[in-house]
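Please describe how the strands of this chain pair and how they are packed. A short report with one table will do.

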Amino acid sequence: MPIVVLDGYTLNPGDLSWKELEKLDDLSVFERTPPEKVVERASGARILLTNKAPITAETIAALPSLEFISVMATGYNIVDVAAAAARGIPVSNVPVYGTDSVAQFVFALLLERCHRISLHDEAVKSGEWETAPDWCFWKSPQTLLQGKNMGIVGFGRIGRRVGELAHAFGMSVLANDARPENRPDYEPFSWKSIEELFSEADVVSVHCPQTQDNAEFINDDLFSLMKKEAVLINTARGGLIDETALARALNNGTLSAAALDVVSTEPIRRDN
C-alpha cells in the first residue's frame, strides 16, 4: 500500500479520476478517515495524501515507511510539519488553486451583508413589496462599499486578490502580514499594524495561516478597537478567532456582523 489517500471524497466526490496516481504505484483511496483510523489505514504507505484528516507527530512516528506527505488543499496546519521535518519527510500543499474562488466568496459574504439579497428575495416572493405603501422597498440598510476601508490580515496570494477586488469596488485597502516578503513595493495598499488595521477598517477579512503563535489572536482586545458598524470576515481558519469573544462583541454591539466560512470545530456544533 505505497500510496494512500485518506479522505478522497473531499477532493473527488465522483467527478474526477485517480488513474494518474494509479499509474505511479499501488493506490488505496478512502473516502473519509476518522483520526483514530489514520495509522491503521496508512500502515505501510510511502506516500500519504490528506485533505482534512490530521497527521500528528504520533501518527508520523507510527509510520516508519512514510516518505512524503501531500495536503490536497492550501492550508497545511493539519500536519505536524516539525515532526515531519525531523524525519526528513517533505510536506507539500496546493497553494494556488483557491485564490480566485476564495476571494470571490469573500465578496459574496460581504455583499450579502451589504444588501441582504436573500432576505429581500423572500420578502418580495411572500408579497411584502406588493402590499408596501411605497414603491421603494427595503427591509435593511443598504451599504455602499465605495470609500470604505478593507482591512486584510494576511497578504499572500488570496489576501492580495481580495485587495484587488476591494479596489475595484472603490475601497481603500489596509494590509498586515507577519511575513515581510509579502509586502509589495507598490501602492495603493497601506501597511498598518494589526491594531491600526482593526481600528480603521470598516471590513476586516482574515487570510493568514493558523500557527501555534496566532491561535485565537482575534480576541477581546482587537474587537474593542473596531468600529461598531464594522464587519469581520473569516475564510481562513476558525481557530484564529476567540469565538467566545466574538459572540460577546456581536451580542453587546461592539461589532456589527461576522461572516464566517470556518469555525474552530468543523462541522459546527450546535453549542458553538
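How many bridges join strand S3 to strand S4, and do they run parallel or antiparallel? Strand S3 (residues 47-50) and strand S4 (residues 68-71) run parallel and are joined by 4 bridges. Leucine 49 stands opposite serine 70 in S4.

This is a predicted model, in which local features need pLDDT of at least 70, side-chain atom pairs count only at pLDDT 80 or more, and totals for chains, interfaces and linings use all residues. Residues are numbered from 1 along each chain as its sequence is written, and side-chain values use heavy atoms, with hydrogens and water left out.

**The chain overall**

The chain has 272 residues, and 39% of them count as buried. Buried means under 20% relative accessible area, exposed over 50%, and partly exposed in between (1.4 Å probe, protein chains only). The secondary structure comes to 10 helices and 11 strands. These elements are DSSP runs, numbered from the N terminus: helices are H or I with at least four residues, strands are E with at least two. Along the principal axes, the C-alpha atoms fill a box of roughly 70 × 45 × 35 Å.

The accessible surface comes to about 15,300 Å², and 52% of that belongs to carbon and sulfur atoms. Accessible areas come from the Shrake-Rupley method with a 1.4 Å probe; for residues, only the protein chains shown count as cover. Among contacts between residues at least 6 apart in sequence, 55% join residues at least 24 apart. Contact means heavy atoms within 4.5 Å.

**The sheet around S3**

S3 and S4 belong to an open sheet of 5 strands, in the order S2-S1-S3-S4-S5, with parallel pairing. Strand S2 (27-29) and strand S5 (91-92) stand at the edges, each with a single partner strand, so one side of each is left without a neighbour in the sheet. Two strands pair if DSSP finds at least two bridges between them.

Threonine 50 lies in strand S3. Is threonine 50 buried or exposed? Threonine 50 is buried, with a relative accessible area of 0%. Threonine 50 touches residues including Leu6, Asp7, Ile55 and Ser70, not counting residues up to four places away in sequence. Valine 5 is 45 residues from threonine 50 in sequence, yet the C-alpha atoms of the two are 6.0 Å apart.

**Strands S6 to S10**

Strand S6 (residues 149-153) has 5 of its 5 residues buried, so S6 is largely enclosed by the rest of the structure. Both faces are covered. Asn149, Gly151 and Val153 are on one side, with Met150 and Ile152 on the other. In a regular strand the side chains alternate between the two faces of the sheet.

S6 pairs with S7 and with S9. The table lists these parallel pairings and two others.

| Strands | Bridges | One bridge pair |
|---|---|---|
| S6 and S7 | 5 bridges | glycine 151 and leucine 174 |
| S6 and S9 | 4 bridges | isoleucine 152 and serine 205 |
| S7 and S8 | 2 bridges | alanine 175 and tryptophan 191 |
| S9 and S10 | 4 bridges | valine 203 and valine 231 |

Further pairs can be named. Asparagine 149 stands opposite serine 172 in S7. Valine 153 stands opposite valine 206 in S9.

S6, helix H7 (residues 157-168) and S7 make a right-handed β-α-β unit. Right-handed here means that, with the strands pointing away from the viewer, the path from the first strand over the helix to the second runs clockwise.

Why is strand S7 (residues 172-176) largely enclosed? In S7, 4 of the 5 residues are buried, so the rest of the structure largely encloses this strand. Strand S8 (residues 190-191) runs parallel to S7.

Strand S9 (residues 203-206) runs parallel to S6. Val203 and Ser205 point one way from S9, Val204 and Val206 the other way, and all are buried. Strand S10 (residues 231-234) runs parallel to S9.
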